[in-house]
Amino acid sequence: MAEPRSCEPRFSPPPHQPNVPAPGAAATGAAPAAATPGAPATPALPQAGPDEVALLIDDRPVVVRRGATVLQAAEKAGILVPHYCYHPGMSIAGNCRMCLVEIEKMPKLQIGCATAATPGMVVRTNNDRVKGVRAGIQEFLLINHPLDCPICDQAGECRLQAYEKDYGRGESRFVEEKVRFPKRYDIGRSVLFDAERCIKCTRCVRFCDEVSRSHELALFSRGDHAIIGTFPGRPLDNPYSGCTVDVCPVGALTWKPFRFKARVWFLKNVPSVCAGCARGCNVNLAVFRNRIHRMAPRPNLDVNAYWMCDAGRQSYDSLYSRPRFERPVVRAVPAAPRAGESAAAARPLRESPDPRAEPASLRDRALDLAAGLLREAARKGGPRALAAIVSARLSVEDLYLAKRVLGDLAGVARLAVPPHEEGEDDHLLIRRDRTPNARGAELLGFGAPSAARVREILDDVAAGRVRGLVVLGEDLLAIPGVAPAMVERLEALIVIDWWRSPTVDIAHVALPACGYGEFEGTVVNCQGRVQRLRPALRPPGEADPAWRILRDLGRRFDLTNEYAAPRAVFDEVAAKVPAFAGLNFSALGDLGAPVPGAPAGGAAGAPAVEA
Amino acid sequence: MAFEPLLTRNVGRPGSEAIDAYLASGGYQGLKRVLREFTPEKFVEEVKSSGLRGRGGAGFSTGMKWGFLPKGREKPRYLCVNADESEPGTFKDRLLIEKDPHLVLEGIIASAYAIECNLAFFYIRGEFHQGHRIFQKAVAEAHARGYLGRNILGSGFGLDIIMYRGAGAYICGEETALLESLEGKRGYPRIKPPFPALVGLYGCPTIINNVETLANVTLIAERGAAWYAAIGRPPKNTGPKLFCLSGHVKRPGVYEAPLGVPFLELLNEQAGGMAHPSRPLKAAVPGGSSMKILPASKCDVLLDFDSLAAAGTSLGSAGGIVMDTGTCIVGALLNLARFYAHESCGQCTPCREGTGWLVQILVRLERGDGRMEDVGLLADIAGRIEGNTVCPFGEAIAWPVDSYVKEFREEFEEHARRKACPLRAAAGR
C-alpha cells in the first residue's frame with residue numbers, strides 16, 4: 001500500500017525564517033490607548049526598571065533591556081522589522097538597509113539593527129516613508145538578481161521572495177542588462193555558490209570570521225561587481241560550513257546534499273536533537289514522504305545557539321546507507337559467519353509466506369526465545385553468566401528499561417557502556433564523545449563509558465564465564481579486538497539494533513529497533529541538559545523503539561508496568577532516579593531542561609555561546 | 001580687496017617644500033607659540049573660537065570635533081590626517097602636500113598637542129607618489145630638527161607620524177572607511193554611531209582632519225584665533241580657503257581667497273573667465289563633483305558654507321567644476337555617474353545597486369535609446385539612494401543626479417524625445 005498522505009501538515013517555523021509574529025499580531029504589552037477623534041492619544045510609556053528602556057514602536061509600548069536595538073525591541077513588541085544582514089548570532093553589518101525605520105527627532109531613517117533603543121524613543125516601522133524605502137531596497141536587490149526562483153532550492157524560504165510579497169512593489173522598472181556572475185560555483189566541500197543570487201549581506205563572511213573562525217570567505221571587487229569569494233587554494237571547508245547555507249537569506253549558498261532534493265514547502269520540520277555527539281544540537285528534521293532530506297540547526301541559546309556541525313548535519317545519512325532488517329531474526333546455533341555463508345544465512349523467523357499474517361506472534365516468539373535463552377544461560381552459569389553491552393546512543397527511556405529489565409529482572413549482572421570518542425572537543429560545538437546520551441547513561445547508573453569494563457566482559461565471554469550476552473545498539477564485532485570466534489561460545493547472544501550490523505548476523509535472536517528519527521525519547525547532553533528526540537519517520541517493518549522491545553522482553557521476566565509511551569518511562573525516571581528529580585516530560589518542551597542532578601561541569605559542559 | 005595669500009604663501013617659491021625654506025619664512029613659530037603659551041585644552045578653545053570649519057567637505061567645526069573626545073585616558077588617542085583627496089575636480093590638498101608640506105605638518109603637530117595624541121597617521125592617496133615622497137621627506141626633516149619625536153622643542157610633548165598610502169579607492173577618503181583601510185581591512189565605511197572620536201582607529205578615540213584644515217590650524221597657531229576669525233565672512237565662515245577651478249575655464253587651478261568670495265569674481269577675475277569666449281557659462285558645481293549643480297542663472301553666489309547651503313548646494317571640498325554651453329548635461333552626469341558606480345564600495349544595497357542602474361539609464365539616454373520615463377526614474381532612483389546608505393557616498397551620487405535632472409530637465413527630456421544627444425546631433429557626431 002502506498003504510504004498514506006498526511007492531510008495535516010505539522011506547522012513549525014521554517015528554519016530560515018525568524019519566528020516572529022506577523023505584522024499586525026496583537027502586542028504583548030498594553031494595547032494602544034483608545035484614540036480620541038481628531039487627537040490621537042499617545043500611549044503612555046510603561047515603567048522601566050533600572051537596566052531597562054521603555055519606548056514606543058508603532059504606538060505599542062515596549063520595555064527592553066538597556067543596550068537592546070530597535071529591531072530587537074520591535075521583535076519583542078511583536079513587530080517584524082524586515083532584515084537580511086542582521087543575524088542575532090553574529091556582529092552587526094548594517095549593510096542591507098532593509099530595516100530602516102523612522103525615529104522621531106532623527107531626520108534620516110535609521111537602521112533598526114544598529115540603533116540602540118533609548119528611553120522615550122518613538123519609532124515608526126510601517127509608515128509610508130518607511131514602506132517606500134523598503135520597496136526601494138527590494139527593487140535594488142532584485143535588479144541584478146536572476147529571478148530563477150523555479151529552480152532555486154531556497155524558493156519557499158527565501159527572504160527576497162517573502163519580503164517582495166510583503167514589502168515590494170511587485171514589479172521592476174529595470175530594463176537594463178543584469179550584472180553577470182559565476183553560477184554553480186564550487187566554493188567548498190559541501191557548498192555551492194550562485195553569485196548572481198547573492199545580495200552581499202556578508203552573513204556567510206561574518207560566520208566564517210566570527211563563529212567557525214576559519215576565515216575562508218571575503219568580499220572581492222567593488223560596487224555592483226562585488227562578489228563573495230575564497231582565497232586561492234583555500235576553499236570553504238570548515239567543520240561548520242553548512243551554517244553558511246543556513247544563514248544565507250537567499251539561494252546564493254546551497255547545501256550540495258540537499259540540492260534539488262525537495263521543494264521546501266513540502267518538507268515537514270520536526271524539532272529534534274542531533275545524535276552525532278554529546279553536544280545534542282537542536283535541529284529540525286525536514287521530512288518528505290517518510291524520508292529525511294535535510295537536518296538544519298534549530299536555535300537554542302543554551303546548547304548550540306544557531307549552529308551545528310557538518311558531520312551532524314549529514315548524520316542521518318547512515319539511515320539510508322546502512323542495511324536495515326525489518327523483522328526479528330533468530331538463529332538455531334550461535335555461529336560466526338563462515339566462508340561462503342553470507343548474512344542471508346540468518347533466517348528470519350517466519351512461518352507464513354505472507355509477512356503480515358501474524359506479525360505479533362513472530363515478534364512474541366523471538367522475545368520468548370530470547371528470554372528462554374537468557375534464563376537457560378543463567379541457570380547453567382550462575383549469576384555472573386549474563387552481561388550486557390549497552391550503547392550511549394540509546395535514549396534515557398531505552399537505558400532505563402535496559403537497567404530495569406535486564407539488570408533487575410533478568411539478572412544480568414554487568415551492564416557496560418562502550419565509549420565512542422573521536423578527535424578532540426573544538427572551540428564551538430563538536431565534542432570528542434560521539435554519543436548523544438553518555439551523560440544520561442551515567443546518571444542512570446551505568447557509569448561513564450568504559451572500554452575497560454567492556455573489555456572485562458569480553459574477556460569473560462572468551463573464557464566462557466559469560467554465557468549470555470545482550471547487546472543493545474552496539475555492533476559488537478566493531479569493538480576493537482572482538483573477533484567472531486570470541487563469541488562463538490556464547491549460548492545466548494541477544495541483539496537489539498536499528499541496522500543489520502555484522503553482530504546481528506551472528507546473534508541467536510536479533511530484534512529490529514527504530515533508527516534515528518523514528519522514535520521518541522530523551523537524551524542528556526554533555527552539559528547535563530535533557531532534550532527530546534521526536535519521531536519524524538515511520539519505522540520500517542517491525543522495527544520498534546528499543547524501550548518497547550525491552551518492555552516486552554521484560555514481560556517475560558514478570559515486568560508488570562505498562563509503559564505505554566516514552567512519556568510514562570521518563571516520568572518514572574523522574575520519580576525514581578534522584579538525578580532526574582522534578583523533571584516532567586511535557587515540560588521539556590522544544591528546548592529541553594537541565595537535569596537537576598547533573599551540574600554542568602568543565603569546559604565540555606559550558607554553553608556553546610556566551611550571552 | 002587685496003588678499004595676502006596665507007595657505008599658499010610659500011607656493012611658487014623654489015624649494016618651498018624644504019624645511020629650511022619653511023623656517024626662513026617664519027615656519028614652526030606658531031608651533032613654538034602653542035607649546036609655550038597654551039595648554040592643550042586652551043588650544044582647543046582657541047581653535048573653537050577661530051570658527052575654523054573642516055575643509056574636507058562637511059564643514060563641521062574643528063574645535064567642536066576635538067571636543068568630542070572622551071575625557072578619560074584609558075586608551076591612546078590618534079590623529080588621522082585625511083590626505084586621500086580623490087574627489088573629481090578637487091586638487092587643493094595635493095598642492096599643500098607637494099608645495100608646503102611643513103605648513104601641514106606644523107598644523108598636525110599643533111593639533112596633536114591640542115588633542116593630546118602621540119601618534120598621528122598620514123593617510124595619503126595612493127596615486128600621490130610625489131606627494132608621498134615629499135611629505136615623507138618633510139617628516140624626516142622635522143624629526144631631525146626636533147619638531148617630531150619624543151620631546152618636541154623641550155616641551156615634553158612627543159609625536160610620531162606614520163605614513164600610510166591608500167590603494168586607489170575613492171571611498172577611503174570617507175573617514176571611517178579610511179580607518180578600516182588603515183587597520184588593513186577592506187575600505188568599508190562604518191556605521192555611525194559610534195563616532196570616531198569615541199571609537200575610531202583600533203577602537204581608540206580618533207580625530208580625522210583634512211589636510212587643508214590642519215594647514216589652517218598652523219595659521220591659528222601663528223597669529224591667534226581673533227586674527228583668524230576676522231578673515232572671510234564672520235562669524236560662521238571664517239578663514240582663508242583654497243578653491244579649485246577646472247573645466248571650461250581659462251586658467252584652471254587652485255586659488256586662495258577668503259571664505260565668502262563671490263564665485264563669479266573667482267571665475268572671471270582670478271581664473272580669467274571662460275575658456276572659449278564664444279561659449280558662456282552654462283552651469284557650475286562650485287563645491288565639487290558630489291555637490292549639487294547650479295545653472296548659470298544661479299551662479300552669482302558667495303563661496304562659503306552657509307551661502308552655498310542657502311543657494312541649494314554646498315561648499316563641499318571646493319572643487320569647482322565649470323561647464324560652458326558646449327556641455328551636454330546628460331553626458332556630464334553620465335561621466336560623473338560612471339565614476340561613482342566604479343567607486344561605490346559595494347557594501348550597502350542602495351548605493352551598490354543604484355549607481356550601476358543610474359549609469360545604464362544615462363548610457364541609454366546619451367546613446368539615443370532613452371525613454372521619457374527614464375528622466376523621472378533617474379530622480380526617483382537618486383531619491384531612494386539618498387539618506388539610506390551607510391555613508392555620505394549615497395548623497396554624493398544622489399545630489400548630482402537629483403540636481404542635474406531638476407535644473408536641466410528639459411535637456412534630459414530632449415534626449416529621450418529626439419532619441420539622440422542634441423549636442424552631438426548638432427555637431428554631426
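## Two domains of chain A, side by side

Domain 2 of chain A and domain 3 of chain A bury about 2,800 Å² between them, and carbon and sulfur atoms account for 58% of it. Three residues of domain 2 stand out here: A:Ala278, A:Arg279 and A:Leu319 supply 23% of the area that domain 2 of chain A buries against domain 3 of chain A, more than any other three residues. Keep in mind as you look around that this is a predicted model.

Where do these domains sit in the sequence? The domain assignment of chain A gives domain 1 as 52-126, domain 2 as 147-159 + 173-320, and domain 3 as 323-338 + 358-605. Try locating the middle of domain 2 of chain A and the middle of domain 3 of chain A: their C-alpha centres lie 35 Å apart. The contact takes 38 residues from domain 2 of chain A and 32 residues from domain 3 of chain A.

## What holds the eye at this boundary

Now for the polar side of the story. Between domain 2 of chain A and domain 3 of chain A, 19 residue pairs are in polar contact, with both residues at pLDDT 80 or more. The count of salt bridges between these two domains is one. You can find a salt bridge between A:Asp302 and A:Arg529, whose closest N and O atoms are 3.5 Å apart.

Which elements give two or more residues to the side of domain 2 of chain A that touches domain 3 of chain A? They are strand 11 (268-273), strand 12 (282-288), strand 13 (291-297) and helix 7 (317-321) of chain A. Strand 11 of chain A contributes the largest share of that side, with five residues. Sorted by class, the residues on that side of domain 2 of chain A divide into 23 nonpolar, nine polar and six charged.

## Where chain A meets chain B

Next, look at the boundary between the two chains. Here 36 residues of chain A are in contact with 34 residues of chain B. Together the chains bury about 2,800 Å², and 51% of that is on carbon and sulfur atoms. On the chain A side, A:Phe140, A:Arg173 and A:Arg222 lose the most area to chain B, together making up 28% of what that side buries.

A:Arg173 is worth a second look: this residue forms a salt bridge with B:Asp380, and the closest N and O atoms are 2.7 Å apart. How many salt bridges are found across the interface of chain A and chain B? The answer is four. Between chain A and chain B there are also 16 residue pairs in polar contact, counting those with both residues at pLDDT 80 or more.

The elements giving two or more residues to the side of chain A that touches chain B are helix 2 (128-143) and strand 8 (217-220) of chain A. Helix 2 of chain A gives the most to that side, with nine residues. By class, the side of chain A that touches chain B has 19 nonpolar, seven polar and 10 charged residues.

## Inside chain B

Chain B has its own domain assignment: domain 1 (19-229), domain 2 (245-324) and domain 3 (329-426). The centres of domain 1 of chain B and domain 2 of chain B, taken over C-alpha atoms, are separated by 28 Å. Their contact takes 14 residues from domain 1 of chain B and 15 residues from domain 2 of chain B.

The area buried between domain 1 of chain B and domain 2 of chain B is about 1,100 Å², with 56% coming from carbon and sulfur atoms. B:Arg53, B:Glu87 and B:Phe91 supply 38% of the area that domain 1 of chain B buries against domain 2 of chain B, more than any other three residues. B:Arg53 also forms a salt bridge with B:Asp306, the closest N and O atoms being 3.5 Å apart. Five residue pairs between these two domains are in polar contact, both residues being at pLDDT 80 or more. The side of domain 1 of chain B that touches domain 2 of chain B has four nonpolar, six polar and four charged residues.

## A pair of rings

Over all chains, the count comes to 28 aromatic pairs. One of them joins B:Tyr123 and B:Tyr164. Why is this pair stacked? The ring centres of B:Tyr123 and B:Tyr164 are 5.6 Å apart and the planes are at 20 degrees, so the pair is stacked, as planes under 30 degrees apart count as stacked.

B:Tyr123 lies in strand 2 (residues 119-124) of chain B and B:Tyr164 lies in strand 3 (residues 160-165) of chain B, so the pair ties together parts that are 41 residues apart in sequence.

Conventions: Residues are numbered from 1 along each chain as its sequence is written. Chains are lettered from A and ligands numbered from 1 in the order in which they are written. This is a predicted model: local features need pLDDT of at least 70, side-chain atom pairs count only at pLDDT 80 or more; totals for chains, interfaces and linings use all residues. Side-chain values use heavy atoms; hydrogens and water are left out. Contact means heavy atoms within 4.5 Å. Buried area is the accessible area (1.4 Å probe) that two parts lose on being put together, summed over both. A salt bridge is a side-chain nitrogen of Lys or Arg within 4 Å of a carboxyl oxygen of Asp or Glu. A polar contact is a pair of N or O atoms within 3.5 Å; within protein, one must be able to donate a hydrogen and the other to accept it, and residues adjacent in sequence count only if both atoms are side-chain atoms. Helices (H or I, at least four residues) and strands (E, at least two) are DSSP runs, numbered from the N terminus. Ala, Val, Leu, Ile, Met, Phe, Trp, Tyr, Cys and Pro count as nonpolar, Asp, Glu, Lys and Arg as charged, and the others, Gly among them, as polar. Domain bounds come from an automatic or database domain assignment. Rings of Phe, Tyr and Trp (its six-membered ring) pair if their centres lie within 6.5 Å; planes under 30 degrees apart count as stacked, over 60 as edge-to-face and the rest as tilted.
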